[in-house]
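Good morning, everyone, and thank you for making room for me on the agenda. I would like to walk slowly through one structure with you, and I will try to give a reason wherever I have one.

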Amino acid sequence: MKSKNYYDILGVSVKASAEEITSAKNELAKRYHPDANMKNGVDTTSRMQEILEAYKVLSDPARRKAYDRSLTGRKAVMRTFDLFDIEEESNGDTGFVVYWKAANTLYDIVLESEPLFHKREAKGRLTALAIRALRPIITLREAQIPERYWHPDIMNWLLFTSYQNPNYTVTYLLALYDTHIRSSRSMVEKLKAQNAAARYEHTVRKLLKY
């Protein structure tokens with residue numbers, strides 16, 4: 001399971017120079033500017049917003065440095081807890097890693113379901129996916145992790161924090177995440193994170209209706 005980072009959005013290397021980042025942004029802006037695409041009936045507004053957000057962070061040395069540190073943290077999490085490559089050890093999972101794994105399983109199911117919602121012939125397949133989703137959902141609910149925290153970006157942050165502080169309870173980890181969001185992000189970033197979590201929560205509930 002992979003999600004695009006700012007380097008992916010601009011199509012540049014993590015070692016790209018400031019000039020390369022600016023050049024990539026300008027080229028993509030020409031291609032995806034809404035004014036240039038609306039005449040063809042294509043709305044590229046959200047794509048353009050992604051490009052500008054990525055450029056805003058990567059063109060600022062201080063913000064880029066902080067962002068690079070966050071990427072390093074995510075990679076450390078994935079290296080340390082690459083559980084899907086060691087299924088034979090799954091019964092030994094302990095602590096927050098159990099809930100992280102459940103959330104990732106659920107995310108894979110949701111990704112598989114999204115293209116099927118508008119296909120009438122896919123109802124049976126969606127029902128099967130909804131049944132598969134029940135097990136990870138039950139795991140997350142039994143851990144008293146509200147749905148608004150199930151988005152993979154949030155679960156990755158929670159896992160990394162729990163790895164650094166294994167004695168933290170789930171309730172305390174959730175409180176720490178809320179504090180992190182309030183104190184370390186701009187209003188735009190907060191809204192984007194909240195919207196992403198809300199959209200994901202909506203999709204999960206939509207799947208469960210099948």
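Let me begin with a single residue, serine 17, which is partly exposed because its relative accessible area is 28%, and a residue is called partly exposed when that value falls between 20% and 50%. Please keep in mind from the start that what you see is a predicted model. Serine 17 sits in the loop between α1, residues 6-10, and α2, residues 18-32. If you look for serine 59, you will find that it lies 42 residues away from serine 17 along the chain, while the C-alpha atoms of the two are separated by 9.3 Å.

Now let me step back to the whole chain. What does its secondary structure come to? The count is 10 helices and 0 strands, so if you follow the elements from the N terminus on, you read α ten times in a row. The chain has 210 residues, and buried residues make up 38% of them. Its accessible surface comes to about 13,100 Å², and 52% of that area belongs to carbon and sulfur atoms. If we take the contacts between residues at least 6 apart in sequence, 61% of these join residues at least 24 apart.

Next, I would like to look at two of the helices in turn. Helix α6 covers residues 96-113, which makes 18 residues, and at 1.5 Å a residue we would expect a span of 26 Å; the end C-alpha atoms are indeed 26 Å apart, so the expectation and the model agree. Several residues of α6 are buried, among them Phe96, Trp100, Leu106, Tyr107 and Val110. Helix α8, residues 152-164, can be checked in the same way, because its 13 residues should span 18 Å and its end C-alpha atoms are 18 Å apart. The buried residues of α8 include Pro152, Ile154, Met155, Leu158 and Leu159.

Let me turn to charged side chains. As a general point, side chains of opposite charge can pair when their charged atoms come close. How many salt bridges does the structure hold? There are 7, and I will describe three of them.

In one of these, the side chains of arginine 125 and glutamate 112 meet, with 3.4 Å from N to O. This pair links distant parts of the chain, since arginine 125 belongs to helix α7 and glutamate 112 to helix α6, 13 residues apart. Arginine 125 counts as partly exposed because its relative accessibility is 46%, and glutamate 112 counts as partly exposed as well, at 31%.

In another, arginine 205 meets glutamate 147, with 2.8 Å from N to O. Here too the pair links distant parts of the chain: arginine 205 is in helix α10, whereas glutamate 147 is in the loop between α7 and α8, 58 residues apart. Is glutamate 147 buried or exposed? Glutamate 147 is buried, because its relative accessible area is 14%, while arginine 205, at 47%, counts as partly exposed.

Arginine 205 also forms a salt bridge with glutamate 201, where the closest N and O atoms are 2.9 Å apart. These two residues are 4 apart in helix α10, so they are separated by about one helical turn. Why does that spacing matter? An α-helix has 3.6 residues a turn, so residues three or four places apart point the same way. Glutamate 201 counts as buried, because its relative accessibility is 18%, and, leaving aside residues up to four places away in sequence, glutamate 201 touches Glu147 and Arg148. Salt bridges that share partners join Arg141, Glu147, Glu201 and Arg205 into one network.

Finally, let me move to a nonpolar part of the surface. Which residues form the nonpolar patch? They are Ile131, Leu134, Ile138 and Leu208, and together they have about 340 Å² of accessible area. Helix α7, residues 123-142, gives the most to this patch, with 3 residues. Leucine 208 is found in helix α10, residues 187-208, and this leucine is partly exposed because its relative accessible area is 30%.

That is where I will stop, and I am happy to go back to any part of the model with you.

How values were computed
Residues numbered from 1 in each chain as written. Predicted model: local features only at pLDDT ≥ 70, side-chain atom pairs only at ≥ 80, totals over all residues. Heavy atoms only, no water. Patch = residues over 30% accessible without salt bridge, like charges linked within 9 Å, V, L, I, M, F, W, Y side chains within 5 Å. Areas by Shrake-Rupley, 256 points an atom, 1.4 Å probe, with all protein chains shown as cover. Salt bridge = Lys/Arg side-chain N within 4 Å of Asp/Glu carboxyl O. Buried < 20%, exposed > 50% of the residue type's maximum accessible area, 1.4 Å probe, protein only. Contact = heavy atoms within 4.5 Å. Expected span 1.5 Å × (residues − 1).
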